[in-house]
Structure formats: structure tokens, C-alpha cells
Amino acid sequence: MSTQEIPYKIFLTEDEMPKAWFNVRAEMKQKPAPLLNPATRQPVTLDELSQVFCRELAMQELDDATPFIPIPQPILDFYKMYRPSPLTRAYFLEKALGTPAHIYYKFEGNNTSGSHKLNSAIAQAYYAKQQGLASITTETGAGQWGTALSMACSFFGLKCHVFMVKCSYEQKPQRREVMRTYGAQVTPSPSNTTDVGRAILAAHPDTNGSLGCAISEAVETAIKTPNCRYTLGSVLAQVLLHQSIIGLETQQALKKYNIKPDIIIGCAGGGSNLGGLISPFVAEKLRGESDCKIIAVEPASCPSLTRGRYAYDFCDTGRVCPLAKMYTLGCDYIPSPSHAGGLRYHGMSSVVSELYDQGLLEARSVTQVEVFAAARQFARVEGTLPAPESSHAIKVAIDEALKCKETGEAKNIVFGLTGTGYFDMYAYQRFNDGEMTDYIPTDEELEAAAANLP
Ligand SMILES: *Cc1c(COP(=O)(O)O)cnc(C)c1O
């Protein structure tokens, strides 16, 4: 097929849309290590997990055997509002780079929350509603997850309480107001509404807050509020499961035009968009049907895959959540402030970690200034203003396309463009003013944080 026959955007019809999520764990011979109860150090049970998460989600979390899990009709209906997301052939970028490579990107920013997080938020809100819960709590750092969950909760008439890291609450009033418009209660964290928040405020009255502290406040509130559960927007296997919609749509769209991906690239914070994008393609690799290269891209300031250890660690700084075996920098590691807030997580999904350990994907780290240069280049030719997180994938896609230019290979490169950059204009301002800097932690800093691994 000649290249021009491939449209700029490949869409799917309603009939072609996936009707079930794909659970890549079912295809893995060596499964990801189980979550452990922090008190007993034994694998967590369904009953234990169900005290924090709603039951259906706890079941999904523990299920590493069922390959396809049907998507309930109300979620399919909600997905119709903004899915399928287009798979775009980056003709303009290819031309600007002068590369023979064919570049495709799957854009998840076409909804008000502005990122892929809505794919899991709507599922988590749905199961909470089904269970008869009245409310759910969560934390948000940069604000994308809190926004997505607020939208999902308002759709199902659930109350949503978001603990937003205080500095974001003050620096990102637009995000805060989107959440409030959808009916969420937004509390800057640390707050005096929880024991843990009051203790932190007493010790550090001027603190700007942290994600770890906001998680602890959200969990405490969920446990103390009748008919309430906690939700998390990344890292967990259930979130990767919901995000598999990205990979399934991509696989289906590529098949329509008989395109076989040679390289698949995604940014990795907690690993949910990457895990979702690659799940069906990893299964093809595991079955020996494909040998495509998969690349996870992380910030050099928070390099859990490229410089972390594969060990059991706490998922949160407050050490209240279960222990997960993952590539981690240590739950005490506080990444330097970065403009890709969604990638500032000390660990990595257990599923992505295990796939990485088995050699099914590779990882690369990139620095902030080069990421924003790639973002600007992309925005100027492809039109879409990318989120800083997503731009990590753009950077490596451009690098790979330029390698093809040297070798003359027309490889098919697919990357995940997870969100829009509209809410990140302060970061773009720093970049445009030439004030952005790079931070790469020293080995000593990483060793100090790793020394406290449980
Ligand atoms: C949250 C977020 C990410 C990182 O989260 P993952 O769980 O690693 O996918 C990436 N991009 C955007 C736009 C985000 O909001």
C-alpha cells in the first residue's frame, strides 16, 4: 500500500471499538510479584484490598489469569463521548525531519480532563457507584487525575473529594476550578481535616505539601468516612487494565491498514499509559508473533527504570498502601521539582517492571530542556500543543526517526501522546524565556534513598 493511502487520522467505527479490556498478566508466564500487606508481609487478600478499594476493582487488581474483561455498557457509552481517540500519521513531522520513517501517534488529550486518565477514572467511578458507595477520595499532584476523577464522579452522581498538593492548588487555579465545576470538593494538602495533615502542619507549618502526604490524607479520609473508598490514577494493575483501551484501539487501527509497528514508545510515570498502550503488542511478542521494540521514556530527574532497583517498596511516602515489587528509587526519594509532574513518581507499575525485567521493553531517560525542545518542534508542525509528560515520548520518537534517516529505513514508529499542554503554560514560559534547567540526581543521592528500602 502506498503511504499516501494512509489517512492523516485513522478512526475506528463503533463496531470496531474494543468491547473488553485486555489483561496482559494473563499472557505472562512469569507473573508480576503480588502486592504485600505492609503489616504481615504476606500477599494481600481480596478482603484486605476491599477495605481500601471497591470490591470489583480489588478483584481486577488480583486477577492475573483472565485475558479479556468485558467493559460494562455504561462505561462503553461514556467512552463514546471522546473515543476512539485518533491515531494520527505525523506526515508533517516526518517531512520536517526528512525521515523515511512512518510516525504515528495516539492522542489521548481530546477530552476536558486533557489526558488518558479519564479512561480509568470512569471505570473506577462506575464500580464505586455499582457497589452503592456515596463518595470516593483521591489525591492529585499536577491535577490531571483529580480532574478526570471529578468528571467521572459527576457523571455517575458520586461525591468526589480531592486532596490537591498545596503548591499545585495555588499554582494551578485553573485545574482546581475545573474540578469544582464538576462538583468535586478540593482540599489543599496538607490540611487540618485529617490527623496526618494536622501532624504534618504542626511539624512543618510552611510546607508546600507532597504527593505522599496527599495520598495519606485521602486514604485516611476514605477509611474514616462511611460508604467511601480511595482511588488511584496510575501504578496499579487495574489502572493498566483500563488503559489497555489505548493499545487495543491502536492495534485495531494499525491492522486496518496492515501496518506492523517496529517501535512503540510511551512516557512512563507510574506506567499506566505505557502499560495500556503496549499490552496487546507485548502479548504478540510473548506469542512470538512480533519482535517490535518497545521503549519506556522517563525523566532523567526521576529515573526509576534506568537507575532504580527491582525490589519491594511502599507505593506511597506515607507508607500506608501495600508493598509492591517494582523498579523504584525508594519511597523516600523526592524528585527535584520538574515540569512533568505526572512523571514524578518514585516507583513503577509492577506489571511494567516485570516486563522490563524480562527484557520485553527497554527504557531511556531524557532531560527536561531537550524534552521541551521536542515539544516545541512537534507543536509547530503537527499543531497539537503536547503535555510535558507526553513530550518525553515525542523526544525519543524524533530520535528514532532521525536514526532511520541515517540508515534509510522506513520503520513504523508509534508513540503515545498522552495529553494536552494547555495547563502547563508556566512550564512553557520557563522554556521560552530560556530559564529552564536540567537536574540529574547523583549516584550518592539515589543510594541514600535506596538505603531505606524495606
Ligand atoms: C499522569 C500522566 C502521565 C503519567 O502517568 P502514567 O501512569 O505513567 O501514564 C503521562 N502523561 C500525562 C498527560 C499524564 O497526565
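These exercises work through salt bridges, helix packing and backbone geometry in a predicted model.

Residues are numbered from 1 along each chain as its sequence is written, and side-chain values use heavy atoms, with hydrogens and water left out. Because the model is predicted, local features need pLDDT of at least 70 and side-chain atom pairs count only at pLDDT 80 or more, while totals for chains, interfaces and linings use all residues.

**Exercise 1. A buried pair**

Task: Find which residue forms a salt bridge with Lys172, and state where the two partners lie.

Solution:
- Apply the criterion: a side-chain nitrogen of Lys or Arg within 4 Å of a carboxyl oxygen of Asp or Glu.
- A search of the whole structure finds 25 salt bridges.
- Lys172 pairs with Asp424, with the closest N and O atoms 3.5 Å apart.
- Locate both ends. Lys172 sits in the loop between α7 (166–171) and α8 (173–181), and Asp424 in the loop between β15 (412–417) and α17 (425–432), so the pair ties together parts that are 252 residues apart in sequence.
- Helices (H or I, at least four residues) and strands (E, at least two) are DSSP runs, numbered from the N terminus.
- Check exposure. Buried means under 20% relative accessible area, exposed over 50%, and partly exposed in between (1.4 Å probe, protein chains only).
- Lys172 has 17% relative accessibility and counts as buried.
- Asp424 has 6% and is also buried.

**Exercise 2. A link between two helices**

Task: Is Lys224, the salt-bridge partner of Asp195, buried or exposed?

Solution:
- Take the distance. The closest N and O atoms of Asp195 and Lys224 are 2.8 Å apart.
- Place the ends. Asp195 belongs to helix α9 (residues 195–203) and Lys224 to helix α10 (residues 211–224). The pair links distant parts of the chain, 29 residues apart.
- Read the areas. Lys224 is exposed, at 52%. Asp195 is partly exposed, at 43%.

**Exercise 3. A pair within one helix**

Task: Which helix holds both Lys403 and Glu400, and which network do they join?

Solution:
- The salt bridge between Lys403 and Glu400 has its closest N and O atoms 2.9 Å apart.
- Both residues lie in helix α16 (residues 388–407). They are 3 residues apart, about one turn of the helix.
- Extend the search through shared partners. Lys293, Glu362, Arg364, Glu400 and Lys403 form one network of salt bridges.
- Now compare exposure. Glu400 is buried, with a relative accessible area of 2%. Lys403 is partly exposed, at 43%.

**Exercise 4. Packing of α6 and α8**

Task: Describe how helix α6 packs with α8, and which residues meet.

Solution:
- Fit the axes. They are lines through C-alpha atoms, for helices over the stretch in contact, and angles run from 0 to 180 degrees between N-to-C directions.
- Helix α6 (residues 144–156) and α8 pack at about 15°, with axes 8 Å apart.
- Classify the angle. Under 35 degrees is roughly parallel, over 145 roughly antiparallel, 65 to 115 roughly perpendicular, and the rest oblique. The two helices are therefore roughly parallel.
- Assign the hand. A crossing is left-handed if the near helix is turned anticlockwise from the far one by less than a right angle, and right-handed if clockwise. α6 passes α8 in a left-handed crossing.
- List contacts (heavy atoms within 4.5 Å). Gln144, Gly146, Thr147 and Ser150 in α6 meet Arg175, Val178 and Met179 in α8.

**Exercise 5. Unusual backbone geometry**

Task: Which peptide bonds to Pro84 and Pro190 are cis or trans, and where do these prolines lie?

Solution:
- The bond from Arg83 to Pro84 is cis, with omega near 0°. Pro84 is in the loop between α3 (73–79) and β4 (87–89).
- From Ser189 to Pro190 the bond is cis too, with omega near 5°. Pro190 lies in the loop between β8 (185–189) and α9.
- Next, check phi. Arg41 is not a glycine, yet has a positive phi of about 60°. Arg41 lies in the loop between β2 (20–22) and α1 (46–52).
- Asn227 has phi near 65°, again positive in a residue other than glycine. Asn227 is found in the loop between α10 and β9 (228–230).

**Exercise 6. A covered helix**

Task: How many residues of helix α14 are buried?

Solution:
- In helix α14 (residues 350–357), 7 of 8 residues are buried.
- Among them are Val351, Leu355 and Tyr356.
- The buried residues pack against several elements, including α11 (237–256), α12 (272–286) and β12 (309–314).
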